[in-house]
Each structure stands twice: as C-alpha cells, then as structure tokens.
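Reader: I'm in my first year and still learning how to read a protein model. Could you take me slowly through one part of this one?

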Amino acid sequence: DILFNFYRIGIHSRIRYYTVVLAMTFLVSFGLRVIFGAVVGCLKIPPFILGALVKGKAPPAYSADGIELGAAVLRHVVSRDLSSGGVDNFEDLVIPSADGTRLHAVVDAGTRREKGKRPIVFVHGFPELWVSWHKQLERFAWAGHPVLALSMRGYGMSDKPVGLEEYDLSRCLVEDVRVAVSHAAAMGDGLAPLLVAHDWGAGVSWHYVCQDRTVSSGEVAGYVSLSNPPAEGFNANMSPMLAWASLYMFFFNMPVLPELI
C-alpha cells in the first residue's frame, strides 16, 4: 500500500507538472504573438487605420454580398482584343479536394482548345482570387491551351473550413494543388500540366512540386514560381530588407486584431 501511494502521488505530480508546462507554453506562445504582432502592426499598418483603432472605430466589416466572384466577373475585366466571345469561353468549376473540401476554379469551356496544347494551372497569392490570372487565362485559352485558375481554400467561392488544422500545408493545401493539377491533366487528354503560382500560392506549390510523389509520377511538366523562391532559397538569402518585407506574417499570426482589420 505504501509503495502504491508513492506511485500514485508520483503520477499526480507528473500530471500537474506537464499540465503546468503546457499551460506556460501556450501563454508564452500567445504572449509572443501578441507582442510581435502589435509591434509589427505599429510599423506596417497605415497610420489612419491605427488612429481609427485607437479611437475604437474599427474599419467596416468586409462583406462579399452582391460581389461577383465567379467566371461572370470576366464581363468586367476581359481584354478588348479578346472580348469577341471571350467571356463565354470560361466557366465555373467545383473540384473536391482529398478531404472533401470543395474548391472553386475557373476553366476554359473547351471551345478553343487545340490538340497537343499543354494545360496550364494557375494558383493565386494572398489575399487574392483566381481572377488575379484573368489576363493569362484569356491569352493562353485564346492560344488553344486548356487553362484552370484555382481559388484556394478559404478564398472566394471555395469552402472556408474553420479549424486551423484544415489548412495544414502538407495534408490539405498541397493536396488542393494536386487535385487541380489532376483535373487540368484530364482536360488536356492526360498531358502533364504546367503549374504557375504566385506569392503564398507559390509557397504551397513549391512544397507540392518538391514531393517525391509529384516528381516520380511526373504530375507536372514544369513549374513557374512568380516572386517566391523555395524555402531553402528564402532562408539562405535572408537580409534586413527581406525581413522587413516579411514582417506582416507576424502581424497575421496575432490573435483577434487581424480579423478586425
């Protein structure tokens, strides 16, 4: 009985110890996010927004009500030289990702495709949508390529999962790019697509194209990253200027305030 009591006391002590460690880790992490986010916010946020926040007047909440987020938006942005039938050459598409998340994309309708032309997949950055690529969609669809511009999860007409774990880079975001590439390959009669990405979409796409599974199966014919090197190149070339330009990431890791702004 005495040994059992010592054993029980020891277990309870370890439970309390680990509970305290986890609580302290959470508090330190939360505190650092608040501190760094506040400092970065003061450095990077325009003064008029800071002034409004100090006065307790947050900017009006964003609402997408009444805003066209699908292919129909091309009626307002389609290039004049491609306007003859250009808008009708595109349509909305919903692609289910590996975890069931519904991803919105805009694709060409197939009316101008030419056999043997390579499919092209476009992935946008933050905080953008598929429409960031409208000029490229028009130009390459006009040239006969199957084209697909993805709206990443959390953006536009794609599903917006609530849990942070549903934005896991390897398990979720990379697989979103994979299903878009797979669909584009089917649009091009099995021809491996060219992948083109920008900003955050480029960061995700680097992870995708560097996976052994992607390379060994030849899922993409090539990858064009606009503005983003791979993570190894980013870290190796870190400089004061690059660090300054990247400070906004600390701000968006801050709780509550980024959502208000």
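Reader: I'd like a close look at the charged pairs: how many salt bridges does the structure hold?

Author: Happy to help! Please keep in mind that this is a predicted model. The structure holds 8 salt bridges, and we can walk through some of them before looking at what surrounds them.

Let's begin with D99 and R153, whose side chains meet in a salt bridge with an N to O distance of 3.0 Å. This pair links distant parts of the chain, 54 residues apart: D99 sits in the loop between β1 and β2, and R153 in the loop between β4 and α5. The two partners also differ in their surroundings. D99 is partly exposed, at 36% relative accessible area, whereas R153 counts as buried, at 2%.

Next come R113 and D108, which meet side chain to side chain in a salt bridge of 2.6 Å, N to O. Here R113 is the partly exposed partner, with 31% relative accessibility, while D108 is buried at 3%.

Now turn to helix α5. R178 forms a salt bridge with E175, and their closest N and O atoms are 3.1 Å apart. Why are they separated by about one helical turn? Because they are 3 residues apart in helix α5. Both ends of this bridge are buried: R178 has a relative accessible area of 6%, and E175 has 14%. The story goes on from there, since salt bridges with shared partners join E175, R178, R213 and E219 into one network.

That network brings us to a tyrosine. Setting aside neighbours within four places in sequence, Y208 is in contact with R178 and E219, and also with residues including V174, V177, V181 and L195. Y208 is among the residues with the most contacts inside the largest nonpolar core, a group of 43 residues. Several elements each supply at least two residues of this core, including β1, β3, α4, α5 and α6. Its largest share, 8 residues, comes from α5, the helix that holds R178 and E175. Apart from this core lies another one of 5 residues, V40 and F251 among them.

F122 is also one of the residues with the most contacts in the largest core, and it leads us to the rings. The whole structure has 3 aromatic pairs. F122 and F140 form a tilted one, with 6.5 Å from centre to centre and 40° between the planes. Because F122 lies in strand β3 and F140 in helix α4, the pair ties together parts that are 18 residues apart in sequence. F122 is buried, at 2% relative accessibility, but F140 is partly exposed, at 33%. W206 and Y223 make an edge-to-face pair, 5.0 Å centre to centre with 90° between the planes. W206 belongs to helix α6 and Y223 to strand β6, so this pair ties together parts 17 residues apart in sequence.

One last charged side chain is worth finding on your screen. The charged end of R112 sits over the ring of W142, 3.8 Å from the ring's centre.

Finally, let's step back to the whole chain. It has 11 helices and 6 strands, and 36% of its 261 residues are buried. If you would like a place to start on your own, try tracing the network of E175, R178, R213 and E219.

Methods. Residues numbered from 1 in each chain as written. Predicted model: local features only at pLDDT ≥ 70, side-chain atom pairs only at ≥ 80, totals over all residues. Heavy atoms only, no water. Core = buried A, V, L, I, M, F, W, Y, C linked by side-chain atoms within 4.5 Å. Buried < 20%, exposed > 50% of the residue type's maximum accessible area, 1.4 Å probe, protein only. Helix = DSSP H or I, 4+ residues; strand = E, 2+ residues; numbered from the N terminus. Contact = heavy atoms within 4.5 Å. Phe/Tyr/Trp six-rings, centres within 6.5 Å; stacked < 30°, edge-to-face > 60°. Lys NZ or Arg CZ within 6 Å of the ring centre and 35° of its normal. Salt bridge = Lys/Arg side-chain N within 4 Å of Asp/Glu carboxyl O.
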